[in-house]
Amino acid sequence: MDASAAPDTRATDDALRRRWHAALVAVRGGSPVPDPLPYADNLLDRWAEPQRKYHTTAHLTAVLDRIDTLAGHAAGPDAVRLAAWFHDAVYRPDRSENEERSAAVAERALPEAGVPDDITAEVARLVRLTVTHDPADGDTNGEVLCDADLAILAAAPREYAEYAAQVREEYGFVPDDAFRDGRAAVLRQLLGLPRLFRTPHGIAEWEPRARQNLLTELELLTR
């Protein structure tokens, strides 16, 4: 751990290390070896890269919190938790292959960390699913990860505005007109989906507010 890190950052990272440890040991059937913490530290370093403004450890924590909320819906909630750790392990806003490269990180790291092959494959599959956020019917693990990742869309208005501003900051290299056009296209695509969320909780609790947030952002971008 960086001794110069701010106290809040250290506390967040320590809490995340505990969550990683619990999920990794669970999928290994309780085995304490290999030591989980070096793998957590490698991922935390990735999530702290300077180009990230939204896709930070705050986002990781929020996704893990939402997975906890939805865990009863998942066939393998600890595999979903591991997928959350890896789903933005590689994040370069100027590139399009982030999910594939993140899945490859999982496929390299998890076997070395003692995770069975079938769970490694499931984690990598889930990471790749975040390209589309379109799980098949009955894919409960996929439904939980995708809903947890998209739950920010249902945030309170102030938090949603902060999210939108952080996304714009990540794409600071894109000119304003091009960003507005691209972001508006993404919002229209989301609004055109029959459902943003797939879990019963997501449909009931998050769908209405998320659609209102998307409509508001689209209006602000296009007026």
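Here are some short exercises on this structure, each with a worked solution.

This is a predicted model, in which local features need pLDDT of at least 70 and side-chain atom pairs count only at pLDDT 80 or more, while totals for chains, interfaces and linings use all residues. Residues are numbered from 1 along each chain as its sequence is written, and side-chain values use heavy atoms, with hydrogens and water left out.

**Exercise 1. The overall build**

Find how many helices and strands the protein has, and how its radius of gyration relates to the globule rule.

Solution. Start with the elements. The protein has 10 helices and zero strands; helices (H or I, at least four residues) and strands (E, at least two) are DSSP runs, numbered from the N terminus. Read from the N terminus, the order is α-α-α-α-α-α-α-α-α-α. The radius of gyration is 17 Å, close to the 17 Å that the globule rule gives for 223 residues, so the protein is as compact as a globular protein of that length. For this step, the radius is taken over C-alpha atoms, and the rule is 2.2 Å times the number of residues to the power 0.38. Along its principal axes, the C-alpha trace spans about 55 × 45 × 30 Å.

**Exercise 2. Inside and surface**

Work out what share of the residues is buried, and what share of the accessible surface belongs to carbon and sulfur atoms.

Solution. First, the inside: 48% of the 223 residues are buried. Buried means under 20% relative accessible area, exposed means over 50%, and partly exposed lies in between (1.4 Å probe, protein chains only). Next, the surface: the accessible area comes to about 10,900 Å², and 53% of it belongs to carbon and sulfur atoms. These areas come from the Shrake-Rupley method with a 1.4 Å probe; for residues, only the protein chains shown count as cover. Last, the contacts: among those between residues at least 6 apart in sequence, 63% join residues at least 24 apart. Contact means heavy atoms within 4.5 Å.

**Exercise 3. Two residues of helix H9**

Decide for Arg183 and for Arg180: buried or partly exposed?

Solution. Begin with Arg183, which is found in helix H9 (residues 176-191). Its relative accessibility is 10%, so Arg183 counts as buried. Now look around it: leaving out residues up to four places away in sequence, Arg183 touches Tyr160, Tyr163, Val167, Glu217 and Leu221. With one of these, Glu217, the side chain of Arg183 forms a polar contact of 2.8 Å. A polar contact is a pair of N or O atoms within 3.5 Å; within protein, one must be able to donate a hydrogen and the other to accept it, and residues adjacent in sequence count only if both atoms are side-chain atoms.

Arg180 is also placed in helix H9. Here the relative accessible area is 32%, so Arg180 is partly exposed. Its C-alpha atom is separated by 9.7 Å from that of Leu220, 40 residues apart along the chain.

**Exercise 4. The surroundings of Asp147**

Find which residue's side chain makes a polar contact with the side chain of Asp147.

Solution. Locate Asp147 in helix H7, which covers 140-150. Because its relative accessibility is 0%, Asp147 counts as buried. Then list the neighbours: beyond four places in sequence, Asp147 is in contact with Leu70, Leu196, Phe197, Arg198, Thr199, Gly202 and Trp206. The partner we want is Thr199, with a side-chain polar contact of 2.7 Å.

**Exercise 5. Loops and a helix end**

Find which two residues are joined by a cis peptide bond, and which residues Glu112 touches.

Solution. The cis bond joins Val33 and Pro34, with omega about -5 degrees. Pro34 is placed in the loop between H1 and helix H2 (37-47). Now turn to Glu112 in helix H5 (residues 98-112). With a relative accessible area of 55%, Glu112 is exposed. Setting aside residues up to four places away in sequence, Glu112 touches Pro34 and Tyr39.

For one more loop, look at His133, which lies between helix H6 (117-129) and helix H7 (140-150). Phi of His133 is near 50 degrees, a positive value in a residue other than glycine.
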